[in-house]
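The following paragraphs lead the reader through a single protein chain, from its aromatic rings to its interior and its cysteines. Please keep the sequence and the coordinates in view while reading.

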Amino acid sequence: MKTTKNLELMLEEAIKSFNLAPDLERSALYTVKLPGKRLRPKFVIASAKDFNITEEITIKVACATEIMHAGSLIHDDLPAIDNDDYRRGQFSNHKIFGEDVAIMAGDLLFSIAGFLCTETGNNEVIKFFTQTLIDLVDGETRDILMSKNGSKYSKEEIIEMYRKKTGALFAFAFSFGPMMVGEDPQKYKEAGYDFGISFQILDDILDVTASFEKIGKTPQKDITENKATLVKIIGIEESQKIADTLYEEALSNLKEGFLYQEVRQLRKI
């Protein structure tokens, strides 16, 4: 599959294919086209290769995951939520297009993501993708409410929040291949959840330890503000141990193949 070039073209075409208000289209494209790792679509593509899914279907679902993720980033950065002026080293969406249009652009991207996923024609894939968005929104809301409450939450409560807000989309990406061919996707889902939780923990560690230049957003916001993170309640060292364990568990649930290699390769970065 010549998927990298196709992915970037499809991301733009997916948004431009609708007759949108110009500012809404520009706002949606702005965040979708921000420089990033494209991890979620990479995992969809790798999972699809392991199960011989056609490129036509794969590229649409890969785009759907990145578009859903982009919608969540727009909402995350809003003044009412994380109130961050930067994303991936550039101004957040609402700083360019205004809070009102940014909200609409986030909603739009969630809708386009769902539209793309329906083109698989596979009810199990469509249902799990829809559940993924529900979990993502629930996880983000838990994060917001935990921060507002100010109470000290347990490790288990924080991990469950991570599982939903970050793990759910990775779980979908990992399990796309087996779901499409009717195989049991459970181990792939669990691998995705474990990877996502590990990924979120490492992101929280970077918030404390890295510079703006490295993470592309305002550092140390989680520590200076009232965010509920594992780093806050058990420290960097113990959080790192949990992240490492979950990463190894994710690998152990994957068969050798393209997806396994993509996940394993991340440890070298």
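The count of aromatic pairs in this structure, which is a predicted model, comes to 14. One of these pairs joins tyrosine 30 and phenylalanine 97, whose ring centres are 5.7 Å apart; the ring planes meet at 70 degrees, and because planes over 60 degrees apart count as edge-to-face, the pair is classed in that way. Tyrosine 30 belongs to helix α2 (residues 22–32) and phenylalanine 97 to helix α5 (residues 93–97), so that the contact links distant parts of the chain, 67 residues apart. Phenylalanine 97 is partly exposed, with a relative accessible area of 21%.

A further pair is formed by phenylalanine 128 and phenylalanine 172. Their ring centres lie 6.0 Å apart, and with the planes at 40 degrees the pair is tilted. This pair also links distant parts of the chain: phenylalanine 128 is in helix α7 (residues 123–149), phenylalanine 172 is in helix α8 (residues 155–181), and 44 residues separate them. Phenylalanine 128 counts as buried at 10% relative accessibility, and phenylalanine 172 counts as buried at 0%. In addition, lysine 189 lies over the face of phenylalanine 128, at 4.1 Å from the ring centre. A similar description applies to lysine 49, which lies over the face of phenylalanine 258 at 5.3 Å from the ring centre.

Ring pairs also join Phe43, Phe170, Phe174, Phe195 and Phe199 into a cluster. Two members of this cluster, Phe43 and Phe174, appear again among the residues with the most contacts inside the largest nonpolar core. That core has 63 residues, and the others named for their contacts within it are Ile67, Phe172, Phe176 and Val263. In soluble globular proteins, nonpolar side chains tend to be buried together. A second core, separate from the largest one, has 14 residues, including Met146, Ile158, Leu230 and Leu246.

Valine 263 offers a route from the core to a particular helix. Leaving aside residues up to four places away in sequence, valine 263 touches Phe43, Phe174, Phe195, Tyr247, Leu251 and Leu254. Valine 263 is buried in helix α13 (residues 258–265), as are Leu259 and Tyr260. Why can these three be placed on the same side of α13? They cover an arc of only 100 degrees around the axis, which puts them on the same side of the helix. The elements that cover the buried residues of α13 include α3, α8, α9 (186–209) and α12 (230–252).

Attention may now turn to the cysteines. A disulfide is a covalent bond between the sulfur atoms of two cysteines. In this model the count comes to zero disulfides. For cysteine 63, the closest cysteine sulfur is that of cysteine 117, and the separation of 12 Å is too far for a bond, because a disulfide requires sulfur atoms within 2.5 Å. Both cysteines are withdrawn from the surface by the criterion used here: cysteine 63 is buried, with a relative accessible area of 0%, and cysteine 117 counts as buried at 1% relative accessibility.

Cysteine 63 is one of the residues touched by methionine 10, together with Ile59, Lys60 and Leu116, when residues up to four places away in sequence are not counted. Methionine 10 is found in helix α1 (residues 3–16). Is methionine 10 buried or exposed? At 17% relative accessibility, methionine 10 counts as buried, because the limit for burial is under 20%. The C-alpha atoms of methionine 10 and glycine 139, 129 residues apart along the chain, are separated by 28 Å.

Two loop residues complete the account. Asparagine 122 has its place in the loop between α6 (99–118) and α7. This asparagine is buried, with a relative accessible area of 15%, and asparagine 122 touches Met179 and Met180, not counting residues up to four places away in sequence. Threonine 54 is found in the loop between α3 (39–50) and α4 (55–77). Whereas asparagine 122 is buried, threonine 54 is partly exposed, with a relative accessible area of 47%. Its C-alpha atom is separated by 15 Å from that of lysine 42, twelve residues away along the chain.

Note on methods: Residues are numbered from 1 along each chain as its sequence is written. This is a predicted model: local features need pLDDT of at least 70, side-chain atom pairs count only at pLDDT 80 or more; totals for chains, interfaces and linings use all residues. Side-chain values use heavy atoms; hydrogens and water are left out. Buried means under 20% relative accessible area, exposed over 50%, partly exposed in between (1.4 Å probe, protein chains only). Rings of Phe, Tyr and Trp (its six-membered ring) pair if their centres lie within 6.5 Å; planes under 30 degrees apart count as stacked, over 60 as edge-to-face and the rest as tilted. Helices (H or I, at least four residues) and strands (E, at least two) are DSSP runs, numbered from the N terminus. A charge sits over a ring if NZ of Lys or CZ of Arg is within 6 Å of the ring centre and within 35 degrees of the ring normal. A nonpolar core is a set of buried Ala, Val, Leu, Ile, Met, Phe, Trp, Tyr and Cys residues joined through side-chain atoms within 4.5 Å. Contact means heavy atoms within 4.5 Å. The arc is that of the directions from the helix axis to the C-beta atoms.
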